Amino acid sequence: MSTISKDSLKTSLLQLECHFTWTLLKEDIGLEALEETILDHIKFVEECNITDYNILSYVCHLKNSNEEALRNLQKAEEAIQKHHPGEIARRSLVTWGNYAWIYYHMQRYKEAQTYVSKVENSCKKLSSTAHGKIQLPEIYAEKGWALLRFGKKYFESAKNCFEKALKSEPNNPDFTAGYAIAMFRLVSFSEMSDEEMRPCLEALKQAVELNPNNTTLLALLALKLQQLKQDNEGERYIEEGLQKTPDFPLFLRYAASFYRKKGEIGKAVNILKRALALTPNSVTVHHQLGLCYKFRLLQLKKERYPPQEEVDNLIELAIFHLKTVIDKKPVFFTAYCDLGNIYALGERYEEAEEIFQKVFQINDIPCEDKQEIYFNYGNFQHFHMKSESKALEYYIEGLKIEKYSYRRKQCIETVEKLLKQKIKRGLGHATDFGRLGFVHKLNGRKQEAIECYEKATALDPNNEEYVNALAELQLSISS
């Protein structure tokens with residue numbers, strides 16, 4: 001193929017709406033874990049097979065298995081013929097786009113061009129203005145589902161995709177379900193008032209109404225109600241789901257999460273064991289089991305004479321499941337904190353230190369995960385290694401990351417509390433007053449910040465950082 005026609009093929013490929021043009025980056029997910037998740041979904045949720053096979057083809061390509069990627073696209077085509085025999089072209093646009101890209105990467109340019117032409121010709125028939133790109137609600141929805149699979153960085157975009165799809169078909173069950181799940185994921189990662197959570201609750205209620213057999217949505221609605229302190233109503237939905245789908249692993253893990261948060265650890269563990277038997281490689285199930293054993297361990301540690309054998313057994317179980325999580329999904333950053341905390345609870349401090357240092361070596365960790373790691377390592381230094389100075393250092397690293405999150409708020413509160421205690425004991429140095437001034441400034445308490453920076457500069461008059469911060473604050477008050 002000539003360079004010119006190869007370049008024009010690439011230009012055409014970039015016009016397609018498919019997984020290869022949706023900026024889904026492999027560094028944001030664990031490929032093995034994502035593949036397992038999709039395969040489990042295919043096994044248990046037949047109606048989503050087209051979407052699942054399409055994204056699985058992309059995951060196979062990311063793993064350099066292009067032949068396997070093509071086999072999955074064939075399965076997607078078979079599912080389209082089975083479920084949508086009357087609108088094959090309309091439903092195949094994403095699949096054909098993926099075919100074109102995979103053939104391009106395999107340097108089979110003629111076949112790539114064939115699929116580009118199939119998409120372009122179908123788009124022309126479906127819309128007189130389209131050229132390889134067409135704004136169909138099904139494509140918006142498929143993009144939304146793909147974005148949800150690639151992690152929290154993508155959740156806002158996923159929500160926007162489902163919103164666009166719903167503009168065309170406001171009562172479409174699939175679009176409504178996707179929108180509700182995206183909303184649920186978004187609010188799960190932020191601190192919100194009950195009023196702010198209301199739109200998510202309404203979206204889940206509508207999705208449940210339009211998808212009466214979808215117990216995943218029932219479980220998410222139950223978890224949202226639990227968050228709003230409506231446990232009894234939430235539990236009724238969980239019980240209904242257990243009756244309808246006692247062997248559906250995706251529902252089971254949400255049900256277990258409900259009971260763990262309720263404090264019924266035994267019940268949660270039994271449900272998770274059932275889910276693990278059905279999906280032995282599920283990262284989420286292993287993580288949930290690790291959390292349950294950690295929670296039970298903390299309960300035992302509160303007893304005056306905790307049974308040592310049970311304590312040791314819980315530590316080993318938690319370590320096994322959390323190590324499995326990290327091995328299968330190295331980008332599950334908060335699992336490193338969970339594992340480090342378990343080692344610390346078992347007084348295995350060297351191993352705890354090792355796991356925290358391991359996660360500190362990883363590049364490109366999202367801001368919220370970094371805050372989580374700094375806060376947990378600060379706690380490890382504070383409560384286990386009894387080093388208040390080192391703890392402060394890491395809490396401060398957490399609050400310096402300027403993205404608002406619950407963990408950042410905790411870092412700020414902890415730093416303020418520790419510094420005030422230290423100063424009250426008469427042990428405050430210039431650094432401590434400077435740090436407290438910084439915290440007051442972050443909280444918008446300018447007068448308190450000025451007082452702290454004045455004390456810091458009195459103790460360390462040549463420190464440019466304190467002098468500049470003080471001058472800036474005084475200027476902002478006078479202007």
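Trainee: Let's start with helix 17: how many residues does it have, and how far does it reach from its first C-alpha to its last?

Mentor: Keep in mind that this is a predicted model. Helix 17, residues 333-345, has 13 residues and reaches 19 Å from first C-alpha to last. At 1.5 Å a residue you'd expect 18 Å, so the helix comes close to that, as the rise per residue lets you check.

Trainee: Is helix 17 largely enclosed or exposed?

Mentor: Count the buried residues, meaning those under 20% relative accessible area. In helix 17 that's 12 of the 13, so the rest of the structure largely encloses it. Among them are Phe333, Tyr336, Asp338, Gly340 and Leu345.

Trainee: Which helices do those buried residues pack against?

Mentor: Helix 15 (283-301), helix 16 (308-328), helix 18 (349-360) and helix 19 (367-384). Look just past the end, too: glutamate 347 follows helix 17 and has a positive phi, near 60°.

Trainee: Now for a pair. At what angle do the axes of helix 10 and helix 11 cross?

Mentor: Roughly 150°, with the axes of helix 10 (residues 194-210) and helix 11 (residues 215-227) coming within 9 Å. Angles over 145 degrees count as roughly antiparallel, so that's how helix 10 runs relative to helix 11. The crossing is left-handed.

Trainee: Which residues meet there?

Mentor: From helix 10 they include Met197, Leu201, Leu204 and Val208, and from helix 11 they include Leu217, Leu221 and Leu225. Sort the whole contact by class and you get 11 nonpolar, one polar and two charged residues.

Trainee: Why do residues three or four places apart point the same way?

Mentor: Because an α-helix has 3.6 residues a turn. Try it on helix 10, where Leu201, Leu204 and Val208 meet helix 11.

How values were computed. Residues numbered from 1 in each chain as written. Predicted model: local features only at pLDDT ≥ 70, side-chain atom pairs only at ≥ 80, totals over all residues. Heavy atoms only, no water. Axes fitted to C-alpha atoms, helices over the stretch in contact; angles between N-to-C directions. Helix = DSSP H or I, 4+ residues; strand = E, 2+ residues; numbered from the N terminus. Parallel < 35°, antiparallel > 145°, perpendicular 65-115°, else oblique. Left-handed = near helix turned anticlockwise from the far one by under 90°. Contact = heavy atoms within 4.5 Å. Nonpolar A, V, L, I, M, F, W, Y, C, P; charged D, E, K, R; others polar. Buried < 20%, exposed > 50% of the residue type's maximum accessible area, 1.4 Å probe, protein only.
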